[in-house]
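Me: I am new to this structure and would like to learn how to read it one feature at a time. Could you take me through it slowly?

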Amino acid sequence: MSTVKLTVNGKAVAVDVEDRTLLVHLLRDHLNLTGTHVGCDTSQCGACVVHMDGRAVKSCTMLAGQADGANITTIEGIAKGDELHPMQAAFRDNHGLQCGYCTPGMIMSAIDIVQRHGGQLDEATVRTELEGNICRCTGYHNIVKAVLDAAGRMKVSQAAE
């Protein structure tokens, strides 16, 4: 057993876990943050994506101990109170989800894409960047529209801050 200390969605936590515990299981089983999904356990589907120190990571193939001291943001931590994050709002407004299973990981990946590419985002770039996230429902058309829409919204919200 080891104690993993990290900040999750702005709150400092210390959790005793077995050394083989994956980050996704620390989040889901120990902190009850079930928005991060386990889809494949092999980092192929992207349902488990969270942000670690501001960068997207697949939490199903990362040991919890590797996140010791890190700042983790999950899907539960991106809205500001009752106000959706611009990416969440864009997914809603552009029908970028159906069953919703992939949506949390897709949104977390999409936020990372926009933060890395900023205004240099086009459909081809979004499609290439989302190759690590699998959606079995939508065919990606509306997801791509949502990401491009949110890129503009995120620029506007950053300018307002």
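Me: In what order do the five strands stand in the open sheet?

Reply: A sheet is read by following which strand pairs with which. In this predicted model, five strands form an open sheet in the order 2-1-5-3-4, and the pairing within the sheet is mixed. Strand 2 and strand 4 stand at the edges, each with a single partner strand, so one side of each has no neighbour in the sheet. On average, and with direction ignored, neighbouring strands are turned by 40 degrees against each other.

Me: Which strands pair in the antiparallel sense over seven bridges, and which pair in the parallel sense over two bridges?

Reply: Strand 1 and strand 2 are the antiparallel pair with seven bridges, whereas strand 1 and strand 5, the latter covering residues 71–73, are the parallel pair with two bridges. Individual partners let you trace this in the model: S2 has V17 as its bridge partner in strand 2, and V8 has K11 as its bridge partner in that strand. V8 also has a bridge partner in strand 5, namely I72. Further along the sheet, strand 3 and strand 4 (residues 55–58) pair in the antiparallel sense over four bridges, with H51 standing opposite A56 in strand 4.

Me: How many residues lie between the two strands of the hairpin formed by strand 3 and strand 4, and what should I look for in such a turn?

Reply: A useful habit is to check the backbone angle phi, because most residues other than glycine have a negative value. Strand 3 and strand 4 form a hairpin with two residues between them, and D53 in its turn has a positive phi of about 50 degrees. Strand 1 and strand 2 likewise form a hairpin with two residues between them, and here N9 in the turn has the positive phi. N9 lies in the loop between strand 1 (2–8) and strand 2 (11–17), and N9 counts as partly exposed because its relative accessibility is 26%.

Me: Where else does a residue that is not a glycine take a positive phi?

Reply: S43 is such a residue, with a phi of about 65 degrees, and S43 lies in the loop between helix 1 (23–30) and strand 3 (49–52). With a relative accessible area of 25%, S43 is partly exposed. A glycine can be read for its phi too: G118, just after helix 3, takes a positive phi of about 50 degrees.

Me: Is T74 buried or exposed, and what does T74 touch?

Reply: For a loop residue, read its place, its accessibility and its contacts together. T74 is found in the loop between strand 5 and helix 2, and T74 is buried because its relative accessible area is 0%, with under 20% counting as buried. Leaving aside residues up to four places away in sequence, T74 touches V8, N9, L27, L33, T36, V50 and M108. In addition, a polar contact of 2.6 Å joins the side chains of T74 and E76.

Me: How should I read the helices, and which strands does helix 3 lie across?

Reply: Begin with how a helix is placed against the sheet, and then ask how far it is covered. Helix 3 lies across strand 3, strand 4 and strand 5, running at about 45 degrees to strand 3, while helix 1 lies across strand 1, strand 2, strand 3 and strand 5, running at about 105 degrees to strand 2. Helix 3 has 15 residues and reaches 20 Å from its first C-alpha to its last, close to the 21 Å expected. Helix 3 is also mostly covered, with 12 of its 15 residues buried, among them T103, M106, A110 and V114.

Me: Which residues touch the most other members of the largest nonpolar core?

Reply: To read a core, look for its members and then for the elements that supply them. The largest nonpolar core has 25 residues, of which M87, F91 and V147 touch the most other members. Helix 2 (86–93), helix 3 (103–117) and helix 5 (141–160) are the elements that give two or more residues to this core. V147, not counting residues up to four places away in sequence, touches M87, F91, A110, V114, L121, V126 and L130. A second, separate core has 17 residues, including V17, L33, M62 and A70.

Notes:
Residues numbered from 1 in each chain as written. Predicted model: local features only at pLDDT ≥ 70, side-chain atom pairs only at ≥ 80, totals over all residues. Heavy atoms only, no water. Core = buried A, V, L, I, M, F, W, Y, C linked by side-chain atoms within 4.5 Å. Buried < 20%, exposed > 50% of the residue type's maximum accessible area, 1.4 Å probe, protein only. Contact = heavy atoms within 4.5 Å. Expected span 1.5 Å × (residues − 1). Pairing = 2+ DSSP bridges. Polar contact = N/O pair within 3.5 Å; in protein donor to acceptor, adjacent residues only side chain to side chain. Axes fitted to C-alpha atoms, helices over the stretch in contact; angles between N-to-C directions.
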